[in-house]
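Colleague: Please take a close look at one part of this model, the sheet and what packs on it. A connected account would suit me better than a list.

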Amino acid sequence: MSATNTVSDRAQEIVDEFSLFNDWMGRYEYLIELGDDIPQLPDDHKTDENYVHGCQSDVWIRADFDDEDRVLHFQGDSNAKITKGLAALVIRVVDQQPPGAVADADFEFLDEIGLQEHLSSQRNNGLRAMIEEMRARARTHDS
Amino acid sequence: MGGGGRLASVLSPTHTLMPVTTSPPTAASAFDVEAFRADFPALQQDVYEDTPLVYLDNAATSQKPTAVIDRLDQFYRRENSNVHRGVHRLSQDATDAYESARESLARFVNADRTEEIIFTRGTTEGLNLVASTFGKMTVEAGDEILLTEMEHHSNIVPWQMLAEEVGAEIRVLPVTDRGELRMDELGDYLTPDTALVAVTHVSNTLGTINPVEALIDAAHAQDVPVVVDGAQSAPHMPVDVQALDADFFVFSGHKVFGPTGIGILYGKHEHLTAMPPYQGGGDMIDQVSFDGTTYDDPPHKFEAGTPNIADVVGLGTAVEYVMDLDWDAVQAHEDDVLAYATEQVEALEGVRIVGTAPEKTSVLSFVFDDIHPYDAGTFLDRLGIAVRTGHHCTQPLLKRYGLPGTIRASFAAYNTREDVDRLVDGLKKVKQMLG
């Protein structure tokens with residue numbers, strides 16, 4: 001992840017990338033591309049434990065804690081492309097971060113890239129649920 | 001409008017067999033959709049700054065005409081007061097407006113008596129009311145409640161709660177692959193143990209118009225009462241509860257161009273009289289003392305507390321507005337838009353229509369082979385096209401078809417072939433971007 005390694009650095013990087021598109025279609029195309037680029041979650045990781053409830057599509061978030069480096073590693077998947085793109089975005093900012101940074105992560109950058117409508121709770125895309133899930137996992141290791 | 005004529009034309013088996021020689025609608029009877037559309041301010045707006053709205057989520061809720069909006073405004077500006085108790089001028093005006101709305105609703109469903117109309121918060125509350133009162137009175141341990149596989153959750157869950165409470169069993173009449181009720185199997189499901197039948201008039205997910213008349217006849221042949229969920233039929237066809245001989249008929253005002261949070265329960269007077277009250281409180285009593293309380297007669301027995309007066313009045317205006325329409329012409333228009341949409345969407349590659357019953361109204365559910373409904377719905381939304389995606393509160397039905405959800409376009413009388421063209425263009429873009 002080069003030199004940009006804090007949550008806010010990575011968020012800024014995403015904002016910069018999205019600023020290259022001046023219409024929603026371009027932004028969505030890029031979002032889907034980002035989703036396509038993250039690895040698919042193996043089927044044996046698509047467990048009830050990793051399943052994120054409250055979405056119209058199926059969403060899974062898996063968190064692994066690296067004891068040595070004291071960081072969290074996240075993987076995610078969805079059968080809907082927009083949802084998977086959103087998962088890719090939030091994973092990108094918090095992956096390999098210490099639990100404290102994940103728990104306190106600010107996702108306001110979604111506002112800046114014109115995807116804020118997905119944060120409203122009634123969109124049922126699970127973005128909020130995904131974020132809550134990641135924070136909850138982080139809190140169990142944040143001591 | 002008023003009654004039997006319209007219903008017969010809808011439910012008659014010859015409904016679709018229009019003779020080829022029928023002359024085209026005359027100017028007097030043709031439905032002027034552009035003029036009608038102009039009555040709905042919300043349809044005139046752009047979304048996402050500069051994209052004209054195409055509103056195709058009418059099975060969820062319809063937009064409101066100026067007549068209804070103005071009526072609500074006038075009520076709050078001039079008549080607002082509590083009903084039934086005040087001696088003062090405003091209270092009398094509000095009571096008159098409230099009770100005259102009840103008369104409009106009685107005419108709208110062709111009830112025998114105005115007292116057979118109970119105001120509720122909507123379809124869901126109507127069904128819960130019947131389950132909690134009439135249901136508890138009628139269904140006993142070991143009895144069966146017959147539902148169908150295409151019911152909305154609101155016509156499933158209240159009956160499950162009742163069944164659990166009294167120790168009854170839920171039976172479910174299945175549907176065919178095309179989305180019709182398996183009427184041929186009715187004999188296996190309507191048994192000597194059946195105590196009550198609850199069925200939707202029109203499927204909110206498939207658009208199927210169910211043969212409720214035949215179902216009611218079969219149930220009544222063995223003295224089983226029938227509750228009809230009219231949430232999706234009331235907006236699209238004349239309702240005649242007497243011709244149907246429904247024991248109960250419920251619908252929501254907000255799908256019939258009326259306000260949200262208001263609907264009605266129609267119940268046969270003999271049932272309403274025999275049923276215990278639903279909620280206790282003011283406005284539903286005859287005499288109250290700490291030794292005991294006697295209840296008012298229907299409908300007031302079922303309308304405890306200060307009712308949703310303004311929205312009742314608004315709903316009265318909405319159904320008057322609907323009754324003023326030439327329904328033969330409106331239905332011809334709605335049938336044309338649905339047929340056109342079906343043909344256009346069917347022609348898209350990789351798209352499959354869910355629900356292909358011969359008798360349908362104003363709902364077109366479909367799926368892409370390889371695009372999640374949520375993705376498609378999100379893109380359509382950005383193109384200004386409002387559809388619903390998901391399970392439409394009919395999870396058992398979606399499970400029956402092995403689908404996680406569908407994309408549902410649902411039409412109202414103000415929708416046009418141009419709206420369908422916008423939808424189809426949108427679907428082509430969705431395919432380009434996501435397929």
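**The sheet of chain B**

Modeller: In this predicted model, chain B has an open sheet of seven strands with mixed pairing, ordered 4-10-9-8-7-5-6. Its edges are strand 4 (117–120) and strand 6 (169–173) of chain B, each of which pairs on one side only. On average, neighbouring strands of the sheet are turned by 20° against each other, direction ignored.

At the strand 6 edge, strand 5 (residues 144–148) of chain B runs parallel to strand 6 of chain B, and five bridges join the two. Within this pair, Glu144(B) stands opposite Glu169(B) of strand 6 of chain B.

Helix 4 (residues 89–109) of chain B brings in other strands of the sheet. Strand 4, strand 9 (248–252) and strand 10 (263–267) of chain B are among the elements that cover its buried residues. Helix 3 (66–79), helix 9 (241–244) and helix 11 (309–323) of chain B also contribute to that cover. The buried residues of helix 4 of chain B include Ala94(B), Ala97(B), Tyr98(B), Ala101(B) and Arg102(B). Further along helix 4 of chain B, Ser104(B), Leu105(B), Ala106(B), Phe108(B) and Val109(B) are buried as well.

Helix 4 of chain B has 21 residues and spans 31 Å from its first C-alpha to its last, close to the 30 Å expected at 1.5 Å a residue. Just after helix 4 of chain B comes Asn110(B), with a positive phi of about 55°.

Methods. Residues are numbered from 1 along each chain as its sequence is written. Chains are lettered from A and ligands numbered from 1 in the order in which they are written. This is a predicted model: local features need pLDDT of at least 70, side-chain atom pairs count only at pLDDT 80 or more; totals for chains, interfaces and linings use all residues. Two strands pair if DSSP finds at least two bridges between them. Helices (H or I, at least four residues) and strands (E, at least two) are DSSP runs, numbered from the N terminus. Axes are lines fitted to C-alpha atoms, for helices over the stretch in contact, and angles run from 0 to 180 degrees between N-to-C directions. The expected span of a helix is 1.5 Å times one less than its number of residues. A residue is buried if 20 or more other C-beta atoms lie within 10 Å of its own, exposed if 12 or fewer, and partly exposed in between; C-beta atoms are placed from the backbone. Two residues are in contact if their C-beta atoms, placed from the backbone, lie within 7 Å.
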